[in-house]
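Please open the model in your viewer and keep the sequence panel visible beside it. The tour below proceeds by selections, each followed by a description of what is to be found there.

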Amino acid sequence: TPLPIVSKDGAFSLPATAGTYPLTVSGPGFVSTSKDVTVQEGKDTDVGTISVNPGRSISARVIDEHGAPVAKAVVAAGALLTGGGAELYIKDESIMAKDTETDANGRFVLDGFSPAPLTVIAGKENVGRSESVRLPPSPESPTLGLVLAATASLQGKITREGKPLPEAL
């Protein structure tokens, strides 16, 4: 279970029973770092200094079809964004995904990504959705422009040999 640690010098101390545990350090502005820690019965364990890397950020301005900034649009980015169409993305199913809302000027920053490929998308109910943007692997922090366009629906039925095919992708 994630446990927030707040200290001015980065130090932490947690009670733990004997065993091996995954220790993950994550937070805004840096790439999450993980390591396995083995705690021995009756002994304190010093995990040493854990250095983190600043990571990649994505910044952009979200506008509507007429070029006006869109405040409070949701922007999501991640290695894999999943969704069913009704929502921008599904947090629990998406991989290494983060989201935020745009400010009054339609701007946002998402940070702490690794240099892996990323997909970025934005949307706001009753305004529209942007096309998804695929960013190649890179340590660079790009600045994008995302345009929200009105959406419509597409419906159909997938069959095989005349019978409905459930759970098709």
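A salt bridge is a side-chain nitrogen of Lys or Arg within 4 Å of a carboxyl oxygen of Asp or Glu. Please keep this definition in mind for the first selection, and note that the model is a predicted one.

**First stop: a charged pair**

Select Asp99 and Lys91. These two residues form a salt bridge, and their closest N and O atoms are 3.3 Å apart. By the rule just given, the count comes to 1 salt bridge. How exposed are the two partners, Asp99 and Lys91? Asp99 has a relative accessible area of 30%, so it counts as partly exposed. Lys91 has a relative accessibility of 55% and is therefore classed as exposed.

**Second stop: the whole chain**

Now show the whole protein as a cartoon. How many helices and how many strands does the protein have? There are 0 helices and 12 strands. Read along the sequence, the pattern is accordingly β-β-β-β-β-β-β-β-β-β-β-β.

Rotate the view to judge the overall dimensions. Along the principal axes, the C-alpha atoms fill a box of roughly 65 × 50 × 25 Å. The radius of gyration is 21 Å, whereas a compact globule of 169 residues would have a value near 15 Å.

Next, display the surface. The protein exposes about 11900 Å², and carbon and sulfur atoms supply 52% of that area. Buried residues make up 25% of the 169 residues. Among contacts with a separation of 6 or more, 51% are between residues 24 or more positions apart.

**Third stop: the nonpolar cores**

In soluble globular proteins, nonpolar side chains tend to be buried together. Hide the surface and select Ile58, Val62, Val75, Phe108, Val120 and Leu146. These residues belong to the largest nonpolar core, which has 17 residues, and they touch the most other members of it. Which strands each supply at least two residues of this core? They are strand S3 (56–63), strand S4 (74–78), strand S6 (107–113), strand S7 (118–124) and strand S10 (143–147).

Centre the view on Leu146. Leaving aside neighbours within four places in sequence, Leu146 is in contact with Arg61, Val62, Ile63, Val75, Phe108, Val120, Ala122, Ser130 and Val133. Apart from the largest core lies another core, of 5 residues, including Ala76, Leu81, Leu88 and Ile121.

**Fourth stop: the loop between S8 and S9**

Select Ser130, one of the contacts of Leu146. Ser130 is located in the loop between strand S8 (128–129) and strand S9 (133–135). Is Ser130 buried or exposed? Its relative accessibility is 7%, so Ser130 counts as buried. Beyond its neighbours within four places in sequence, Ser130 is in contact with Ile121, Ala122, Leu146, Val147 and Leu148.

Add Glu131, which is found in the loop between S8 and S9. Glu131 has a relative accessible area of 69% and is therefore exposed. Not counting residues up to four places away in sequence, Glu131 touches Val120, Ile121 and Val147. From Glu131 to Leu148 the C-alpha distance is 7.8 Å, across 17 residues of sequence.

**Fifth stop: the loop between S9 and S10**

Select Ser138, which lies in the loop between S9 and S10. Because its relative accessibility is 17%, Ser138 counts as buried. The side chain of Ser138 reaches the backbone nitrogen of Glu140 at 2.9 Å. With neighbours within four places in sequence left aside, Ser138 is in contact with Arg56 and Pro115.

**Final stop: the loop between S2 and S3**

Select Glu41, which has its place in the loop between S2 and S3. Glu41 is exposed, with a relative accessible area of 70%. Measure along the chain and through space: Glu41 and Ala18 are 23 residues apart in sequence, while their C-alpha atoms are separated by 4.8 Å.

Finally, select Asp46, which lies in the loop between strand S2 (30–39) and S3. Asp46 is exposed, with a relative accessible area of 69%. A polar atom of the Asp46 side chain lies 2.7 Å from the backbone nitrogen of Gly48. The C-alpha atoms of Asp46 and Leu110, 64 residues apart along the chain, are separated by 32 Å.

Conventions. Residues are numbered from 1 along each chain as its sequence is written. This is a predicted model: local features need pLDDT of at least 70, side-chain atom pairs count only at pLDDT 80 or more; totals for chains, interfaces and linings use all residues. Side-chain values use heavy atoms; hydrogens and water are left out. A nonpolar core is a set of buried Ala, Val, Leu, Ile, Met, Phe, Trp, Tyr and Cys residues joined through side-chain atoms within 4.5 Å. Buried means under 20% relative accessible area, exposed over 50%, partly exposed in between (1.4 Å probe, protein chains only). Helices (H or I, at least four residues) and strands (E, at least two) are DSSP runs, numbered from the N terminus. Contact means heavy atoms within 4.5 Å. A polar contact is a pair of N or O atoms within 3.5 Å; within protein, one must be able to donate a hydrogen and the other to accept it, and residues adjacent in sequence count only if both atoms are side-chain atoms. The radius of gyration is taken over C-alpha atoms; the globule rule is 2.2 Å times the number of residues to the power 0.38. Accessible areas come from the Shrake-Rupley method with a 1.4 Å probe; for residues, only the protein chains shown count as cover.
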